[in-house]
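Student: I've got a protein model open and I'm not sure how to read it. Can we go through a few features together?

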Amino acid sequence: MTASDVNESAPAEHAEPPRTPDGGMGPTTDKKPSQVHYHHPAAGWGAAKSVTHVLLKERALVDGPRAIFRMNHENTGFDCPGCAWPDDTKGLKLDICENGIKHVTWEMTPKRVGADFFAAHTVSELSTWTDFALEDQGRLTEPLAYDAASDRYLPIDWQQAFDLIGAELRALDNPNQAAFYTSGRLGNEATFLYQLMAREFGTNNLPDCSNMCHEASGRALQAALGTGKGTADLKDWETADALFIMGVNAASNAPRMLTALAEAYRRGAQIVHINPLVEAAATRTIVPHDITDMALFKSTRTSTLNLQVRAGGDMALMRGIAKAVLEESEHDPKALDREFIDRHTHGFDAYRAVCEATPWKELELQSGLTRAEILKAADIYSRSDRTLISWCLGVSQHEHGVDTIREIVNVLLLRGNLGREGAGPSPVRGHSNVQGNRTCGIDHRPTEAFLRRLDDVCGIESPRPHGMDTVATVAAMHEGKVKVFVGMGGNFALAAPDTPYTAEGLGRCELTVHVSTKLNRSHLVHGKKALILPCLGRTEKDHQRHGVQATSVEDSMSMVHLSLGMKRPASRDLLSEPAIIAGMARATLPDSSTPWEHYVEDYDRIRDTMAQVLDGFEDFNRRVRLPLGFRIRQPARELVFLTPTGRAEFSAAPLPDVVPEDGTLILQTMRSHDQWNTTIYSDDDRYRGIKNLRTLVFMNRADMRARHIKDGSLVDITATAKDGTRRTLRQYHALPYDVPRSCAAGYMPEMNALIAASDYSVQSDQPLMKSLKVTISPSRTAGQEE
């Protein structure tokens with residue numbers, strides 16, 4: 001019923017990491033897969049039922065409700081470890097969502113993984129388990145070291161673990177043979193210490209999950225506006241006349257956005273969803289904390305227009321909107337904000353020329369939309385006084401992601417939708433504090449200004465050459481150029497592209513270190529020496545010498561606030577992330593003058609140093625304790641553009657050709673609803689009507705007929721990479737779905753095996769997780785029928 005992954009690559013062949021006999025990554029189940037049409041509102045009673053099931057399953061009937069009433073409360077509770085959507089500004093007492101509760105209860109599980117567990121299971125055996133089964137064993141309780149003789153992880157003392165890390169790092173020929181990876185879960189204080197340790201050690205090798213998600217957003221916004229972040233905040237969402245939501249599955253990726261969409265519809269705002277799939281969040285919702293609506297089963301629409309662009313066709317749509325606005329301006333000068341353009345922008349004439357030179361026929365072809373559909377979106381934009389455009393990975397994970405996001409900014413600039421309430425660019429960051437990681441120094445391409453301040457304040461000499469990002473790190477591990485890999489959170493082996501290739505790279509390291517809360521695949525595809533270091537979860541109290549500590553996080557709209565754990569730690573042997581980093585740093589840099597232990601005693605001391613180094617963090621300790629914290633200053637919001645010209649920059653990039661060759665489909669990877677990043681809670685995807693199945697591919701029914709593929713039959717999916725190699729996933733279930741012709745979709749991390757190491761954007765260096773060129777045919781190993 002599930003798939004086996006086979007790589008057919010030339011010139012090299014890659015072996016995948018071991019799986020269960022059936023090849024699955026999710027929960028093992030004997031239940032029959034099914035697909036039904038989902039026609040209910042997003043959230044509502046479906047979410048309530050799901051939450052109840054989760055609380056019962058995780059035996060969290062006491063701690064679960066306690067956590068619900070402490071999550072996302074200003075400075076007295078903990079920040080949701082799920083998405084980075086901002087906290088409610090109106091004092092909402094239940095600013096929570098289904099996915100956040102899943103994430104929290106998954107962390108608060110009573111299950112434990114200690115020495116007894118590893119005494120009973122070898123790494124070879126665990127490598128045959130599903131990824132769900134690995135994480136479902138519960139919380140890690142003590143530091144562990146891999147023992148090759150017994151093929152087991154054995155307990156190790158914390159200081160011995162730190163000494164091993166220090167010895168391996170000091171033994172390297174040069175600091176750039178180490179890479180320090182960061183997932184989005186790391187708090188700001190730990191982030192700052194982590195990058196300080198890496199730079200004092202002597203490297204800018206700081207790959208992070210942003211390299212795989214929103215690198216394109218940062219580079220595009222930096223080039224266009226002089227800031228790597230969006231300028232809009234939650235109040236802008238609450239006052240915009242028109243919201244354009246691009247490449248976002250809000251009901252699963254940022255469920256609390258549903259509240260903003262429902263409120264926008266009620267006040268008469270236009271809401272345009274742009275996505276190859278019409279997701280549940282783009283139809284209607286019942287927001288669970290709207291008690292009256294819940295009681296009456298009263299739903300609210302969340303869109304006024306849905307446009308199903310072809311995969312990668314977003315740039316053509318945006319250019320079509322711009323072309324329509326420019327044509328309208330020929331007989332209605334008010335269609336453009338000429339005063340704004342003349343005073344605050346550069347490059348308008350070149351952009352006008354490229355729009356005029358792009359024929360409507362080409363815009364229709366590349367977007368996959370009709371001219372009438374494009375004009376309908378343009379009319380909404382032209383009639384709106386205040387427009388906000390938001391996007392997520394459906395836009396950024398393409399070859400031309402940077403150009404597309406710059407095209408979004410172009411459209412905003414035409415009507416002056418910047419620097420005023422209810423307007424601006426607003427990328428949706430997926431993971432809590434992933435934006436804070438970058439703000440606080442996790443950047444393999446740091447600016448000279450940042451490094452100078454860091455050196456002056458901290459008394460170190462930072463390296464100046466750029467470091468390695470995620471794609472480069474995986475390649476360097478293969479080539480023997482990176483010998484020590486340290487991962488702060490996450491599941492690098494599954495999150496990175498080309499799963500077998502990444503696993504091989506990790507296996508070639510001299511040492512791999514993973515700071516984690518639960519067992520995952522990355523612990524099993526380890527280096528010659530390996531450590532698992534268990535850390536506190538965000539829900540847990542962080543006791544240090546000067547009392548219980550709070551950490552800070554930054555949401556996707558630049559608000560910084562405190563997060564304070566509420567629960568007793570899962571084990572007395574757990575350390576906080578700042579304490580683990582300090583321990584590694586002291587063992588690695590024994591002569592360091594950095595007061596590592598002093599910092600860990602009281603996180604206010606870390607924040608005092610951060611206030612001197614980081615722009616916008618002045619008076620950090622006072623401001624972060626204000627209600628809702630504080631917002632980092634965004635110069636572009638104030639129409640101050642830190643670009644070479646001192647103005648917002650129009651981009652005149654050529655329109656890419658995103659139409660696949662005959663017989664080829666463009667496949668995008670995505671999460672199911674019952675999943676958060678690489679953590680899979682079940683084999684169900686409620687909003688897409690799927691039960692008991694993850695090894696699937698969604699296809700347009702006409703594309704299925706053209707390939708003689710029946711509903712639910714088994715197919716082989718072959719991706720051809722930029723370097724000419726091929727990778728195949730076998731025996732996947734083909735399911736009809738409302739997607740445009742020549743488009744297909746399936747779940748990550750299963751489909752990451754299709755993404756070659758060479759499949760990354762030359763604009764952003766991001767893996768091309770939304771634009772895989774594939775062929776799909778009836779399975780030649782199992783026939784067309786089950």
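Tutor: Sure, let's look at one helix pair and then at the pockets and cavities, keeping in mind that this is a predicted model.

Student: How are helices α8 and α22 packed, and at what angle?

Tutor: Angles from 65 to 115 degrees count as roughly perpendicular. Here α8 (residues 188-201) and α22 (residues 448-458) pack at about 90 degrees, with axes 12 Å apart, so the two are roughly perpendicular to each other.

Student: Which residues make the contact?

Tutor: From α8 you have Phe192, Gln195, Leu196 and Arg199, and from α22 there are Phe450, Leu451, Leu454 and Cys458. Sorted by class, that contact has six nonpolar, one polar and one charged residues.

Student: Now the pockets. What is the volume of the largest pocket, and which residues are closest to its centre?

Tutor: The largest pocket holds about 1,100 Å³ of space. It is lined by 33 residues, and Gln222, Thr227, Gly228, Lys229 and Thr447 are the closest to its centre. Helix α9 gives the largest share of that lining, four residues. Our friend α22 turns up again, as one of the elements giving two or more residues.

Student: And which element gives most to the second largest pocket?

Tutor: That's α1, with six residues. The second largest pocket has a volume of about 700 Å³, and its lining has seven nonpolar, 10 polar and nine charged residues.

Student: How many cavities of 30 Å³ or more are there?

Tutor: Eight. The second largest cavity has about 210 Å³ of space, and among the residues closest to its centre are Arg538, Asp542 and Glu577.

Definitions and conventions:
Residues are numbered from 1 along each chain as its sequence is written. This is a predicted model: local features need pLDDT of at least 70, side-chain atom pairs count only at pLDDT 80 or more; totals for chains, interfaces and linings use all residues. Side-chain values use heavy atoms; hydrogens and water are left out. Axes are lines fitted to C-alpha atoms, for helices over the stretch in contact, and angles run from 0 to 180 degrees between N-to-C directions. Angles under 35 degrees count as roughly parallel, over 145 as roughly antiparallel, 65 to 115 as roughly perpendicular and the rest as oblique. Contact means heavy atoms within 4.5 Å. Ala, Val, Leu, Ile, Met, Phe, Trp, Tyr, Cys and Pro count as nonpolar, Asp, Glu, Lys and Arg as charged, and the others, Gly among them, as polar. On a 1 Å grid over the protein atoms alone, a cavity is a set of points where a 1.4 Å probe fits but cannot get out, and a pocket is an open set with protein on both sides within 12 Å along at least five of seven lines; lining residues have an atom within 4 Å of a point. Grid points are joined across faces, edges and corners, and a volume is the space filled by probe spheres set on the points.
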